[in-house]
Amino acid sequence: MLKQANTGVAVYGSGLGAASSASAVLRTERLRKFFYSGSQQIVPLDGIDFSIDRGEMVAIVGPSGAGKSTFLHLLAALDTPTSGAVYFAGKSLHSFAELELAEYRNRVVGFVWQRHHLLPDFTAAENVAMPLLVRGQALSQALRVAADWLGEVGLGERAGQRAGSLSGGEQQRVAIARALVNQPVLLLADEPTGDLDERSAEGIFELIERLHRSHHLTSILATHNFSLARRTDRVLVLELGKLAPGAEVPAGAAVHAGRAESSGVRAPGERVNLV
Ligand SMILES: Nc1ncnc2c1ncn2[C@@H]1O[C@H](COP(=O)(O)OP(=O)(O)OP(=O)(O)O)[C@@H](O)[C@H]1O
Ligand SMILES: [Mg+2]
């Protein structure tokens with residue numbers, strides 16, 4: 001269902017309609033992305049056909065530098081493809097007007113950055129309130145909503161604490177609350193458990209699972225953490241520009257809940273079953 005934002009721009013709200021549920025919420029077609037580093041061409045995405053249904057939670061795994069962040073950035077319309085297309089609810093992002101794109105980024109997508117990008121000198125509540133302020137909500141109202149979200153991610157007592165003084169796991173919770181404060185349809189989380197110890201990573205993953213269900217999200221997580229990835233509905237491996245079902249992952253990776261340091265150092269051709 002299309003809903004009308006107060007900007008007058010049609011956005012796809014959290015009430016994404018029943019008509020969409022039978023088909024993919026988000027889909028890519030022959031998605032390619034090239035970068036140039038001097039004269040060297042880098043091709044992290046070389047023709048990706050991907051789709052995710054409403055309510056699904058999918059993990060994208062793959063070695064460092066494979067293009068996981070690049071892929072999420074394209075899905076979130078934070079970058080544009082070299083060729084190919086991203087479709088949201090059947091409509092190509094390429095066809096969106098500037099204002100529609102802004103609404104898509106701000107209202108449809110909740111993005112958790114690989115390095116959470118909190119403003120360290122602002123409080124946890126101010127950080128969470130930021131997307132609401134961007135939308136023009138009054139500060140007092142935005143801070144009230146932010147405080148509710150901080151409660152939901154287990155940081156109700158820390159609303160007034162400077163973000164820079166929170167632990168890594170707490171900062172990640174703030175980043176998740178900030179991503180969801182606009183009640184998006186899609187949660188795109190780039191390494192949400194990266195750099196956390198096993199216990200904190202488990203806690204963050206459980207939080208994402210709970211929010212995914214309770215807020216009826218469609219979620220895509222990029223992660224090096226294979227044991228957590230296996231707990232999503234579907235695992236896809238991004239490697240050498242291609243995205244493939246995750247029946248296999250790099251050797252030595254499916255071992256513990258912490259960051260799989262060995263993911264980029266397997267011997268050529270060496271593989272191990274994920275499931
Ligand atoms: N703006 C850019 N300019 C040039 N090269 C880039 C740019 N952004 C990404 N790349 C390159 O594209 C490749 C994919 O990078 P990306 O950050 O998407 O990988 P990743 O899978 O997320 O890695 P990690 O697991 O370490 O986060 C890398 O080789 C990177 O150097
Ligand atoms: Mg990355």
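## Basis of the description

Helices and strands are here DSSP runs, of at least four residues (H or I) and at least two residues (E) respectively, numbered from the N terminus. Two strands count as paired if DSSP finds at least two bridges between them. The model is predicted.

## The hairpin of strands 3 and 4

Strand 3, residues 24–37, and strand 4, residues 40–53, are joined by 10 bridges in the antiparallel sense. One of the bridges places Ala24 opposite Asp53 of strand 4. Two residues lie between the strands of this hairpin, and Gly38 adopts a positive phi near 65° there.

## The four-stranded sheet

Strands 3 and 4 belong to an open sheet of four strands, whose order is 4-3-6-7 and whose pairing is antiparallel. Strand 4 and strand 7 (91–92) are the edge strands, each pairing on one side only. In general, strands of a sheet pair through backbone hydrogen bonds, in either a parallel or an antiparallel arrangement.

At the strand 7 edge, strand 6 (residues 83–88) pairs with strand 7 in the antiparallel sense over two bridges. Phe88 is located in strand 6, and its bridge partner in strand 7 is Lys91. Is Phe88 buried or exposed? Phe88 is buried, because 22 other C-beta atoms lie within 10 Å, where the cut-off for a buried residue is 20 or more. The C-alpha atoms of Phe88 and Ser51 are separated by 9.9 Å, although the two residues are 37 residues apart along the chain.

## The surroundings of ligand 1

The shell around ligand 1 contains 13 residues, of which Phe35, Ser64, Lys68, Ser69 and Thr70 come nearest. Strand 3, strand 4 and helix 2 (68–75) are the elements that give two or more residues to this shell. Which of the elements gives the most to the shell around ligand 1? Helix 2 does, with three residues.

By residue class, the shell around ligand 1 divides into eight polar residues, four nonpolar residues and one charged residue.

## Packing of helices 4, 5 and 6

Two packed helices are described by the angle between their axes and by the distance between those axes. For helix 4 (residues 124–134) and helix 5 (residues 139–152), the axes come within 8 Å and cross at roughly 120°. Helix 4 is therefore oblique to helix 5. The crossing of these helices, 4 and 5, is right-handed.

Helix 4 also packs with helix 6 (residues 168–180): their axes come within 7 Å, with a crossing angle of roughly 25°. Helix 4 is therefore roughly parallel to helix 6, since angles under 35 degrees count as roughly parallel. Helix 4 passes helix 6 in a right-handed crossing.

## The six-stranded sheet

A further open sheet is formed by six strands in the order 8-9-10-5-11-12, and its pairing is mixed. Strand 8 (109–112) and strand 12 (242–245) stand at the edges; each has a single partner strand, so one side of each is left without a neighbour in the sheet. On average, neighbouring strands of this sheet are turned by 20° against each other, with direction ignored.

At the strand 8 edge, strand 8 pairs with strand 9 (residues 186–190) in the parallel sense over four bridges. Within this pairing, Val112 stands opposite Ala189 of strand 9.

Methods. Residues numbered from 1 in each chain as written. Chains lettered and ligands numbered in written order. Predicted model: local features only at pLDDT ≥ 70, side-chain atom pairs only at ≥ 80, totals over all residues. Near = placed C-beta within 6 Å. Nonpolar A, V, L, I, M, F, W, Y, C, P; charged D, E, K, R; others polar. Buried ≥ 20, exposed ≤ 12 C-beta atoms within 10 Å, placed from the backbone. Axes fitted to C-alpha atoms, helices over the stretch in contact; angles between N-to-C directions. Parallel < 35°, antiparallel > 145°, perpendicular 65-115°, else oblique. Left-handed = near helix turned anticlockwise from the far one by under 90°.
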